Amino acid sequence: MILARKSSSYIVTEHDPIEKSERINSKSLKRTKKGRVILTIIALTMASLFLLFRAAVIAEASYKIEKMKVELSQIKNENEKLKIKIADLKSMSRIEQIAKKELKMQEPSTNQVIYIGGSK
């Protein structure tokens, strides 16, 4: 019986544990860098959204203030008109005219006037 030599198609290489750990470390570094980049992007997005929200709130408040200023101006104008109307309604000439025309009142004659406790 003749025995043939077994030929090996496998290449034998030395196992280097340092090389394997470097590959693992480089992969974990890449993951860490990706994680930091993602967190940075998320933080910047949140900060931008906060600033936009704050600007929107300020703009809305400004619009409300302007609307209230216009309303205040209108109320002041109406108040001035009402003061003028009150002064007109209180005028003595108007009261005398209403008394004579509508209420049919007359000026008192001298014998209808009685002075009490004072000089004539």
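How many residues apart are E96 and K100 in helix α2? In this predicted model, E96 and K100 are 4 residues apart in helix α2, which spans residues 92–101, and this spacing amounts to about one helical turn. The two side chains form a salt bridge, with the closest N and O atoms lying 3.1 Å apart. Neither partner is hidden from solvent: E96 is partly exposed, at a relative accessible area of 38%, and K100 is partly exposed as well, at 41%.

It helps to set this pair against the overall fold. The protein chain contains 2 helices and 0 strands. Of its 120 residues, 1% count as buried. The accessible surface of the chain comes to about 12,700 Å², and carbon and sulfur atoms account for 62% of that area. For residues, burial here means a relative accessible area under 20%, whereas exposure means over 50% and partial exposure lies in between.

Salt bridges offer a convenient way to walk along the helices. The structure holds 3 of them, including the E96–K100 pair in helix α2 already described. Helix α1 contributes E60 and K64, whose side chains meet in a salt bridge with an N to O distance of 3.8 Å. E60 and K64 are 4 residues apart in this helix, so about one helical turn separates them. E60 has a relative accessibility of 45% and therefore counts as partly exposed, and K64, with a relative accessible area of 49%, is also partly exposed.

A further salt bridge in helix α1 joins the side chains of K69 and E66, at 3.9 Å from N to O. Here the spacing along the helix is 3 residues, again about one turn. The acidic partner, E66, is partly exposed at 46% relative accessibility.

Which residues gather in a patch of positive charge on the surface? The patch brings together K27, K30, R31 and K34. One of these, K30, is found in helix α1, the helix that covers residues 17–90. The relative accessible area of K30 is 57%, so this lysine is classed as exposed. Membership of such a patch calls for over 30% relative accessible area and no salt bridge, and K30, at 57%, therefore clears the area cut-off.

Beyond the helices, two residues in the segment after α2 deserve a look. K104, which is located in that segment, has a positive phi of about 55° although it is not a glycine. Most residues other than glycine have a negative phi. K104 is also exposed, because its relative accessibility of 65% is over the 50% cut-off.

S109 lies in the segment after α2 too. The side chain of S109 makes a polar contact with the side chain of N111, at 2.5 Å. S109 counts as partly exposed, its relative accessibility being 31%.

Taken together, the features described can be followed along the chain. Helix α1 carries K30 of the positive patch along with the salt bridges E60–K64 and K69–E66. Helix α2 holds the E96–K100 salt bridge, and the segment after α2 includes K104 with its positive phi and S109 with its side-chain contact to N111.

Conventions. Residues numbered from 1 in each chain as written. Predicted model: local features only at pLDDT ≥ 70, side-chain atom pairs only at ≥ 80, totals over all residues. Heavy atoms only, no water. Patch = residues over 30% accessible without salt bridge, like charges linked within 9 Å, V, L, I, M, F, W, Y side chains within 5 Å. Areas by Shrake-Rupley, 256 points an atom, 1.4 Å probe, with all protein chains shown as cover. Salt bridge = Lys/Arg side-chain N within 4 Å of Asp/Glu carboxyl O. Lys, Arg positive; Asp, Glu negative; His and termini not counted. Charge placed at Lys NZ, Arg CZ, Asp CG, Glu CD. Buried < 20%, exposed > 50% of the residue type's maximum accessible area, 1.4 Å probe, protein only. Polar contact = N/O pair within 3.5 Å; in protein donor to acceptor, adjacent residues only side chain to side chain.
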